[in-house]
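Me: I've got a model open and would like to talk through a few of its features. Can we take them one at a time?

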Amino acid sequence: MLFNHDIQLPPRRVQLPQYGETIENKGKKYSIGKQIGSGNFGKVFECSDDWGNELVAKIIMPQKRSYKEVQQEWKEELKKLLTFRHPNITYIYDAFEYKDTCYLIIEYCDYTLQDIFKNCDQELRESLIPYIAKDLLQGIDFIHSIDYVHKDIHPGHVFVRITKSQSTEENTHFICKIGDLGISNLENNIDQFNTILAQWMLPPEFLNSQKFGSINRQVDIYHTGLLLLSLLLGTTRKV
């Protein structure tokens, strides 16, 4: 008998890339750098393409979930990134599976707003607030225009991209981009009881839904207000 139906293949497991490793998708090669971020459901690595462009590789982590569940989350986040095409939202360049690992290749940003909190003095922070507010609100307005709600806007999920003038390094421009769309939802699909937020970010709707109603797009405005107030006061909470 050639086949034994009782034989079970080993479970598929995520394989984290090694520093200096080259991963490939349809002829495109990406060189992996150091790990620069880690969250509940993902890890982020520096990477560059064949042309030397700086990018990041995000990997969806299992966290005791099956490979199919991880794959489904990857597909959902990919769909959101492809839908959310806007200058103030992080841009996706590629997505693929490699060695049983789900990759998202996303544009590289220089800082998060968390870095601004840590490294800028009060005067500089205050001078940046109008520009940060404009970029954030433009991105949020677009997300809401397609009936989505981000639900998790905080300093660690807002990225800053620095561009320099080709004629002189003294002329620099920065733009804020909203990222980490993992728990964003269509507004009509928000599950209030399964929405996990940091304690300091809980909106009135979460604390007392009978009085303030259910969680909706207003939560993004509330979180943006908290973020800008934190910038003004020079303090924030860990998330």
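Me: Which residues form a nonpolar patch on the surface, and what accessible area do they have together?
Reply: Keep in mind that this is a predicted model. The nonpolar patch on the surface is made of Leu229, Leu232 and Leu233. Together their accessible area is about 280 Å².

Me: Where is Leu232, and is Leu232 buried or partly exposed?
Reply: Leu232 has its place in helix α6, which covers residues 218-233. Its relative accessibility is 41%, and the partly exposed class runs between 20% and 50%. So Leu232 counts as partly exposed.

Me: OK, on to the aromatics. How many aromatic pairs are there?
Reply: Two rings pair if their centres lie within 6.5 Å. By this rule the count is six.

Me: Take Tyr30 and Phe96: what kind of pair do their rings make?
Reply: A pair of aromatic rings is described by the distance of the centres and the angle of the planes. For Tyr30 and Phe96 the centres are 5.9 Å apart and the planes are at 15°. Planes under 30 degrees apart are what the label needs, so this pair is stacked.

Me: Which strands hold Tyr30 and Phe96, and how many residues apart are they?
Reply: Tyr30 is in strand β2 (residues 28-38), while Phe96 is in strand β5 (residues 92-98). The pair thus links distant parts of the chain, and the separation is 66 residues.

Me: Are Tyr30 and Phe96 buried or exposed?
Reply: The cut-off for buried is under 20% relative accessible area. Tyr30 comes in at 5%, and Phe96 has 3%. So Tyr30 is buried, and Phe96 is likewise buried.

Me: What about Phe96 and Tyr103: how are their rings arranged?
Reply: Both Phe96 and Tyr103 are buried. Their ring centres are 5.4 Å apart, with the planes at 20°. That makes the pair stacked.

Me: Which residues form one aromatic cluster?
Reply: We've already met Phe96 as a ring paired with Tyr30 and also with Tyr103. Tyr98 belongs to the cluster too. The full set is Tyr30, Phe96, Tyr98 and Tyr103.

Me: Which ring does the charged end of Arg85 sit over, and how far from its centre?
Reply: The ring is that of Tyr91. The charged end of Arg85 lies over it, and its distance from the ring centre is 4.1 Å.

Me: Zooming out, how many helices and strands does the protein chain have, and what share of its residues is buried?
Reply: The protein chain has six helices and eleven strands. Of its 239 residues, the buried share is 43%.

How values were computed
Residues numbered from 1 in each chain as written. Predicted model: local features only at pLDDT ≥ 70, side-chain atom pairs only at ≥ 80, totals over all residues. Heavy atoms only, no water. Phe/Tyr/Trp six-rings, centres within 6.5 Å; stacked < 30°, edge-to-face > 60°. Helix = DSSP H or I, 4+ residues; strand = E, 2+ residues; numbered from the N terminus. Buried < 20%, exposed > 50% of the residue type's maximum accessible area, 1.4 Å probe, protein only. Lys NZ or Arg CZ within 6 Å of the ring centre and 35° of its normal. Patch = residues over 30% accessible without salt bridge, like charges linked within 9 Å, V, L, I, M, F, W, Y side chains within 5 Å. Areas by Shrake-Rupley, 256 points an atom, 1.4 Å probe, with all protein chains shown as cover. Salt bridge = Lys/Arg side-chain N within 4 Å of Asp/Glu carboxyl O.
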